[in-house]
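Hi,

Here's the structure I promised to send over. Have a look at it first, and then read on for what turned up around the ligand.

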Amino acid sequence: MADIRVMREDLLPPKQPPRRHLLSVADLTRHDVERLLATARSFERSLEREVKKLPTLRGRTVVNLFFESSTRTSSSFELAAKRLSADTMTIKSSGSSVDKGESLKDTALTLGAYDPDVIVIRHPHIGAPQLVARVTEARIVNAGDGKHQHPTQALLDLYTMRGAFGRLEGLHVAIVGDVLHSRVARSLIQALELVGASCVLVGPPTLIPRAIGVESSSDIETLAEADVVYVLRMQKERMLEGANFVPSLREYSERWGVTRERLRPGQVVMHPGPMNRGVEIDPAVADAANALIQQQVRSGLVVRMAVLYDLLAHGPAPVPAEAALEVA
Ligand code: ASP
(Lines give C-alpha, C1' and ligand atoms only; values in the text may rest on other atoms or scores of the structure.)
Protein backbone atom coordinates (compact mmCIF):
# COMPACT_ATOMS: atom_id res chain seq x y z
CA MET A 1 0.00 0.00 0.00
CA ALA A 2 1.28 3.41 -0.82
CA ASP A 3 2.80 5.18 2.08
CA ILE A 4 0.73 8.32 2.56
CA ARG A 5 2.59 10.83 4.62
CA VAL A 6 0.99 13.98 5.82
CA MET A 7 3.51 16.74 6.13
CA ARG A 8 3.13 19.06 9.07
CA GLU A 9 2.94 21.98 6.56
CA ASP A 10 -0.14 20.38 4.97
CA LEU A 11 -2.02 20.75 8.21
CA LEU A 12 -1.01 24.28 8.99
CA PRO A 13 -3.40 27.12 8.20
CA PRO A 14 -2.83 28.42 4.66
CA LYS A 15 -0.44 31.32 4.36
CA GLN A 16 -2.00 34.77 4.27
CA PRO A 17 -2.66 35.60 0.60
CA PRO A 18 -0.95 38.76 -0.60
CA ARG A 19 -2.76 41.93 0.40
CA ARG A 20 -5.39 42.90 -2.11
CA HIS A 21 -5.51 46.35 -3.66
CA LEU A 22 -7.57 48.08 -6.32
CA LEU A 23 -5.04 50.12 -8.25
CA SER A 24 -6.27 49.69 -11.80
CA VAL A 25 -9.08 48.11 -13.79
CA ALA A 26 -6.32 45.81 -15.06
CA ASP A 27 -6.32 44.23 -11.56
CA LEU A 28 -9.84 42.93 -12.18
CA THR A 29 -11.25 39.96 -14.04
CA ARG A 30 -14.74 39.90 -15.46
CA HIS A 31 -15.68 37.67 -12.55
CA ASP A 32 -14.39 40.29 -10.08
CA VAL A 33 -16.45 42.97 -11.82
CA GLU A 34 -19.58 40.81 -11.65
CA ARG A 35 -19.00 40.05 -7.98
CA LEU A 36 -18.47 43.73 -7.12
CA LEU A 37 -21.57 44.85 -9.03
CA ALA A 38 -23.67 42.15 -7.33
CA THR A 39 -22.37 43.21 -3.91
CA ALA A 40 -23.15 46.83 -4.72
CA ARG A 41 -26.69 45.79 -5.65
CA SER A 42 -27.22 44.11 -2.31
CA PHE A 43 -25.87 47.18 -0.50
CA GLU A 44 -28.28 49.31 -2.52
CA ARG A 45 -31.15 47.19 -1.23
CA SER A 46 -29.89 47.50 2.32
CA LEU A 47 -29.89 51.29 1.98
CA GLU A 48 -33.61 51.23 1.25
CA ARG A 49 -34.18 50.47 4.95
CA GLU A 50 -34.76 53.27 7.40
CA VAL A 51 -31.59 52.53 9.37
CA LYS A 52 -28.85 52.67 6.78
CA LYS A 53 -25.84 51.60 8.83
CA LEU A 54 -24.49 48.05 8.57
CA PRO A 55 -22.10 46.55 11.13
CA THR A 56 -19.98 44.86 8.41
CA LEU A 57 -16.69 46.75 8.88
CA ARG A 58 -16.98 47.60 12.56
CA GLY A 59 -13.52 47.99 14.08
CA ARG A 60 -11.86 48.58 10.68
CA THR A 61 -10.19 51.87 9.74
CA VAL A 62 -10.40 53.55 6.35
CA VAL A 63 -8.20 56.57 5.61
CA ASN A 64 -9.05 58.80 2.64
CA LEU A 65 -6.02 60.70 1.43
CA PHE A 66 -6.83 63.32 -1.19
CA PHE A 67 -4.04 65.32 -2.83
CA GLU A 68 -6.36 66.71 -5.51
CA SER A 69 -9.77 68.37 -5.47
CA SER A 70 -12.73 66.06 -5.19
CA THR A 71 -16.39 66.31 -4.28
CA ARG A 72 -18.05 63.08 -5.40
CA THR A 73 -15.22 60.59 -4.88
CA SER A 74 -14.11 61.79 -1.45
CA SER A 75 -17.63 62.21 -0.06
CA SER A 76 -18.79 58.84 -1.36
CA PHE A 77 -15.78 56.93 0.02
CA GLU A 78 -16.27 58.61 3.39
CA LEU A 79 -19.98 57.85 3.49
CA ALA A 80 -19.40 54.31 2.19
CA ALA A 81 -16.99 53.60 5.06
CA LYS A 82 -19.41 55.13 7.57
CA ARG A 83 -22.39 53.17 6.26
CA LEU A 84 -20.34 50.02 6.88
CA SER A 85 -19.47 51.19 10.43
CA ALA A 86 -15.72 51.57 9.78
CA ASP A 87 -13.78 54.32 11.53
CA THR A 88 -12.87 56.80 8.86
CA MET A 89 -10.85 59.94 8.40
CA THR A 90 -10.38 62.11 5.37
CA ILE A 91 -7.16 64.05 4.88
CA LYS A 92 -6.88 66.64 2.14
CA SER A 93 -3.46 67.87 1.10
CA SER A 94 -4.32 71.52 1.63
CA GLY A 95 -4.33 72.18 5.33
CA SER A 96 -2.18 69.09 6.02
CA SER A 97 1.60 68.84 6.44
CA VAL A 98 1.85 68.48 2.63
CA ASP A 99 1.53 72.28 2.67
CA LYS A 100 4.71 72.31 4.75
CA GLY A 101 6.64 70.27 2.19
CA GLU A 102 6.09 66.75 3.54
CA SER A 103 6.66 64.05 0.92
CA LEU A 104 4.03 61.48 -0.06
CA LYS A 105 6.19 58.75 1.46
CA ASP A 106 6.37 60.51 4.83
CA THR A 107 2.64 61.27 4.83
CA ALA A 108 1.93 57.61 4.04
CA LEU A 109 4.33 56.41 6.78
CA THR A 110 2.66 58.74 9.28
CA LEU A 111 -0.84 57.51 8.48
CA GLY A 112 0.40 53.92 8.22
CA ALA A 113 1.44 54.17 11.88
CA TYR A 114 -2.27 54.07 12.82
CA ASP A 115 -2.56 50.64 11.12
CA PRO A 116 -5.40 51.55 8.76
CA ASP A 117 -7.02 48.61 6.97
CA VAL A 118 -7.59 50.60 3.79
CA ILE A 119 -6.05 53.78 2.38
CA VAL A 120 -7.98 55.43 -0.44
CA ILE A 121 -5.68 57.77 -2.32
CA ARG A 122 -6.07 60.41 -5.00
CA HIS A 123 -2.92 62.05 -6.29
CA PRO A 124 -1.87 64.09 -9.34
CA HIS A 125 1.07 61.76 -10.02
CA ILE A 126 0.76 58.43 -11.79
CA GLY A 127 1.93 55.59 -9.55
CA ALA A 128 1.34 57.36 -6.21
CA PRO A 129 -1.03 54.55 -5.02
CA GLN A 130 1.69 51.95 -5.74
CA LEU A 131 4.14 53.92 -3.59
CA VAL A 132 1.67 53.98 -0.67
CA ALA A 133 1.11 50.24 -1.13
CA ARG A 134 4.88 49.70 -0.79
CA VAL A 135 5.39 51.70 2.38
CA THR A 136 2.27 50.76 4.40
CA GLU A 137 0.53 47.53 5.36
CA ALA A 138 -2.88 48.80 4.23
CA ARG A 139 -4.96 47.71 1.25
CA ILE A 140 -4.89 50.55 -1.24
CA VAL A 141 -7.68 51.89 -3.44
CA ASN A 142 -6.69 54.20 -6.27
CA ALA A 143 -9.19 57.06 -6.31
CA GLY A 144 -7.47 58.68 -9.31
CA ASP A 145 -3.75 59.02 -10.12
CA GLY A 146 -2.96 61.70 -12.68
CA LYS A 147 -4.36 60.82 -16.06
CA HIS A 148 -3.75 57.12 -15.47
CA GLN A 149 -6.57 55.28 -13.66
CA HIS A 150 -9.76 55.77 -11.67
CA PRO A 151 -11.07 52.20 -11.30
CA THR A 152 -13.99 52.84 -8.93
CA GLN A 153 -15.36 55.44 -11.37
CA ALA A 154 -15.40 52.79 -14.10
CA LEU A 155 -17.18 50.33 -11.79
CA LEU A 156 -19.85 52.85 -10.81
CA ASP A 157 -20.34 53.71 -14.47
CA LEU A 158 -20.87 50.03 -15.34
CA TYR A 159 -23.30 49.75 -12.45
CA THR A 160 -25.24 52.77 -13.70
CA MET A 161 -25.33 51.47 -17.29
CA ARG A 162 -26.56 48.08 -16.18
CA GLY A 163 -29.26 49.78 -14.10
CA ALA A 164 -30.43 51.70 -17.17
CA PHE A 165 -30.25 48.94 -19.80
CA GLY A 166 -30.43 45.75 -17.74
CA ARG A 167 -27.26 44.49 -19.43
CA LEU A 168 -23.69 45.48 -20.27
CA GLU A 169 -22.77 42.98 -22.98
CA GLY A 170 -23.21 44.52 -26.42
CA LEU A 171 -23.73 48.11 -25.24
CA HIS A 172 -22.07 50.77 -27.36
CA VAL A 173 -20.63 53.81 -25.59
CA ALA A 174 -19.39 57.05 -27.19
CA ILE A 175 -16.85 58.81 -24.97
CA VAL A 176 -16.83 62.47 -26.01
CA GLY A 177 -14.30 65.16 -25.18
CA ASP A 178 -10.85 65.36 -23.61
CA VAL A 179 -9.88 61.69 -23.60
CA LEU A 180 -6.17 62.56 -23.74
CA HIS A 181 -6.03 63.80 -20.13
CA SER A 182 -8.74 61.56 -18.72
CA ARG A 183 -8.12 58.74 -16.23
CA VAL A 184 -11.88 58.16 -16.30
CA ALA A 185 -11.71 57.31 -20.01
CA ARG A 186 -8.69 55.03 -19.59
CA SER A 187 -10.38 53.02 -16.85
CA LEU A 188 -13.76 52.97 -18.56
CA ILE A 189 -12.36 51.74 -21.90
CA GLN A 190 -10.74 48.76 -20.13
CA ALA A 191 -13.84 48.05 -18.07
CA LEU A 192 -16.16 48.12 -21.10
CA GLU A 193 -13.91 45.65 -22.88
CA LEU A 194 -13.95 43.33 -19.85
CA VAL A 195 -17.75 43.11 -19.87
CA GLY A 196 -18.19 42.76 -23.63
CA ALA A 197 -19.31 46.33 -24.41
CA SER A 198 -17.75 48.49 -27.14
CA CYS A 199 -16.79 52.14 -27.37
CA VAL A 200 -15.81 54.92 -29.72
CA LEU A 201 -13.87 58.06 -28.80
CA VAL A 202 -15.24 61.32 -30.18
CA GLY A 203 -13.60 64.75 -30.11
CA PRO A 204 -10.95 66.96 -31.66
CA PRO A 205 -7.99 64.86 -32.90
CA THR A 206 -5.69 66.82 -30.54
CA LEU A 207 -7.56 65.40 -27.53
CA ILE A 208 -7.88 61.78 -28.67
CA PRO A 209 -4.79 59.67 -27.91
CA ARG A 210 -3.73 57.63 -30.90
CA ALA A 211 -2.02 54.72 -29.13
CA ILE A 212 -5.07 53.69 -27.16
CA GLY A 213 -6.22 51.13 -29.72
CA VAL A 214 -9.88 52.16 -29.76
CA GLU A 215 -11.96 53.37 -32.70
CA SER A 216 -12.19 57.17 -32.80
CA SER A 217 -13.89 59.93 -34.76
CA SER A 218 -13.80 63.70 -34.90
CA ASP A 219 -17.34 63.79 -36.29
CA ILE A 220 -19.88 64.59 -33.57
CA GLU A 221 -22.59 62.83 -35.60
CA THR A 222 -20.94 59.57 -34.54
CA LEU A 223 -22.83 60.00 -31.25
CA ALA A 224 -26.00 58.81 -32.95
CA GLU A 225 -24.73 55.19 -33.05
CA ALA A 226 -24.22 54.97 -29.29
CA ASP A 227 -26.50 53.71 -26.52
CA VAL A 228 -24.58 55.77 -23.97
CA VAL A 229 -23.09 59.23 -24.59
CA TYR A 230 -20.37 59.66 -21.96
CA VAL A 231 -19.22 63.28 -21.74
CA LEU A 232 -15.83 64.42 -20.41
CA ARG A 233 -14.76 67.91 -19.39
CA MET A 234 -11.58 69.63 -20.56
CA GLN A 235 -8.97 68.70 -17.94
CA LYS A 236 -7.18 72.04 -17.95
CA GLU A 237 -5.19 71.21 -14.83
CA ARG A 238 -3.44 68.40 -16.73
CA MET A 239 -2.69 70.35 -19.90
CA LEU A 240 0.85 71.62 -20.34
CA GLU A 241 1.03 75.33 -19.73
CA GLY A 242 0.57 77.30 -22.93
CA ALA A 243 -0.58 74.25 -24.94
CA ASN A 244 -3.62 74.89 -27.10
CA PHE A 245 -5.61 71.77 -27.82
CA VAL A 246 -8.59 73.65 -29.23
CA PRO A 247 -8.77 77.14 -30.77
CA SER A 248 -11.23 78.34 -28.10
CA LEU A 249 -13.80 76.90 -25.69
CA ARG A 250 -16.52 78.53 -27.78
CA GLU A 251 -15.42 76.74 -30.89
CA TYR A 252 -15.05 73.50 -28.94
CA SER A 253 -18.59 73.67 -27.66
CA GLU A 254 -19.94 74.56 -31.11
CA ARG A 255 -18.27 71.53 -32.70
CA TRP A 256 -18.22 68.94 -29.90
CA GLY A 257 -20.55 70.16 -27.18
CA VAL A 258 -23.35 67.67 -26.43
CA THR A 259 -26.66 69.34 -27.23
CA ARG A 260 -30.21 68.01 -27.52
CA GLU A 261 -30.02 68.21 -31.32
CA ARG A 262 -27.02 65.87 -31.35
CA LEU A 263 -28.81 63.14 -29.40
CA ARG A 264 -31.47 60.69 -30.46
CA PRO A 265 -34.32 59.14 -28.47
CA GLY A 266 -33.36 56.08 -26.44
CA GLN A 267 -29.86 57.28 -25.59
CA VAL A 268 -28.66 58.04 -22.07
CA VAL A 269 -26.12 60.70 -21.14
CA MET A 270 -23.46 60.28 -18.46
CA HIS A 271 -20.75 62.57 -17.06
CA PRO A 272 -18.29 61.79 -14.23
CA GLY A 273 -18.43 65.39 -12.99
CA PRO A 274 -17.53 68.08 -12.38
CA MET A 275 -19.48 69.45 -15.37
CA ASN A 276 -18.73 72.65 -17.20
CA ARG A 277 -22.23 73.49 -18.33
CA GLY A 278 -22.31 75.29 -21.64
CA VAL A 279 -18.87 73.95 -22.65
CA GLU A 280 -18.89 70.16 -23.09
CA ILE A 281 -22.56 69.75 -22.20
CA ASP A 282 -25.61 71.88 -22.77
CA PRO A 283 -27.47 72.59 -19.50
CA ALA A 284 -30.70 71.28 -21.07
CA VAL A 285 -28.97 67.93 -21.70
CA ALA A 286 -27.49 67.80 -18.20
CA ASP A 287 -30.93 68.32 -16.64
CA ALA A 288 -32.95 66.08 -18.98
CA ALA A 289 -34.63 62.88 -17.86
CA ASN A 290 -32.23 60.69 -19.83
CA ALA A 291 -29.18 62.15 -18.05
CA LEU A 292 -27.92 59.64 -15.46
CA ILE A 293 -25.52 62.02 -13.76
CA GLN A 294 -27.21 61.98 -10.32
CA GLN A 295 -27.67 58.24 -10.66
CA GLN A 296 -23.89 57.93 -11.15
CA VAL A 297 -23.40 59.70 -7.81
CA ARG A 298 -25.81 57.29 -6.09
CA SER A 299 -24.06 54.33 -7.73
CA GLY A 300 -20.74 55.71 -6.46
CA LEU A 301 -21.81 55.19 -2.86
CA VAL A 302 -22.89 51.56 -3.17
CA VAL A 303 -20.06 50.58 -5.51
CA ARG A 304 -17.49 52.04 -3.10
CA MET A 305 -19.16 50.20 -0.22
CA ALA A 306 -18.76 47.04 -2.30
CA VAL A 307 -15.08 47.75 -3.01
CA LEU A 308 -14.25 48.36 0.68
CA TYR A 309 -16.20 45.27 1.71
CA ASP A 310 -14.61 43.14 -1.00
CA LEU A 311 -11.05 44.13 -0.10
CA LEU A 312 -11.57 43.47 3.59
CA ALA A 313 -13.99 40.56 3.67
CA HIS A 314 -12.16 38.28 1.22
CA GLY A 315 -9.31 37.49 3.58
CA PRO A 316 -7.70 34.08 3.95
CA ALA A 317 -10.04 31.09 4.04
CA PRO A 318 -10.98 30.35 7.66
CA VAL A 319 -9.25 27.29 9.11
CA PRO A 320 -11.26 25.07 11.47
CA ALA A 321 -9.88 25.48 14.98
CA GLU A 322 -9.47 21.66 15.40
CA ALA A 323 -7.14 21.40 12.41
CA ALA A 324 -4.86 24.02 13.86
CA LEU A 325 -4.97 22.35 17.29
CA GLU A 326 -4.10 18.85 16.05
CA VAL A 327 -0.68 19.87 14.88
CA ALA A 328 0.06 22.33 17.64
N1 ASP B 1 -13.94 63.48 -11.40
C2 ASP B 1 -13.24 62.83 -12.46
C3 ASP B 1 -11.79 62.60 -12.07
O4 ASP B 1 -11.42 62.78 -10.94
C5 ASP B 1 -13.39 63.51 -13.76
C6 ASP B 1 -12.91 64.93 -13.85
O7 ASP B 1 -12.28 65.45 -12.92
O8 ASP B 1 -13.15 65.52 -14.90
O9 ASP B 1 -11.01 62.21 -12.91
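Gln-235 has a polar side-chain atom 3.0 Å from an oxygen atom of the ligand. Keep in mind that this is a predicted model, so every distance here is computed from it.

Arg-183 also reaches a ligand oxygen with its side chain, with a polar atom 2.8 Å away. With Gly-273 the backbone does the work: one of its N or O atoms lies 2.9 Å from a nitrogen atom of the ligand. As for how covered the ligand is, on its own it exposes 260 Å², and the protein buries 92% of that.

The full set of residues around the ligand is Arg-122, His-150, Arg-183, Val-184, Arg-233, Gln-235, Pro-272, Gly-273 and Pro-274. By class, this shell splits evenly into three nonpolar, three polar and three charged residues.

Now for the site itself. The ligand sits in the largest pocket, which holds about 380 Å³ of space. There are 21 residues lining that pocket, and those closest to its centre are Arg-122, Arg-183, Arg-233, Gly-273 and Pro-274. The lining is made up of 10 polar, seven charged and four nonpolar residues.

If you want to find the pocket by its helices, look at α3 (72–83) and α7 (183–194): each gives at least two residues to the lining. Arg-183, with that 2.8 Å contact to the ligand, is where α7 begins.

Cheers

Note on methods. Residues numbered from 1 in each chain as written. Predicted model: local features only at pLDDT ≥ 70, side-chain atom pairs only at ≥ 80, totals over all residues. Heavy atoms only, no water. Near = heavy atom within 4 Å. Polar contact = N/O pair within 3.5 Å; in protein donor to acceptor, adjacent residues only side chain to side chain. Areas by Shrake-Rupley, 256 points an atom, 1.4 Å probe, with all protein chains shown as cover. 1 Å grid on protein atoms, 1.4 Å probe; cavity = no way out; pocket = protein on both sides within 12 Å on 5 of 7 lines; lining within 4 Å. Sits in = over half its atoms within 2 Å of the grid points. Nonpolar A, V, L, I, M, F, W, Y, C, P; charged D, E, K, R; others polar. Points joined across faces, edges and corners; volume = space filled by probe spheres on them. Helix = DSSP H or I, 4+ residues; strand = E, 2+ residues; numbered from the N terminus.
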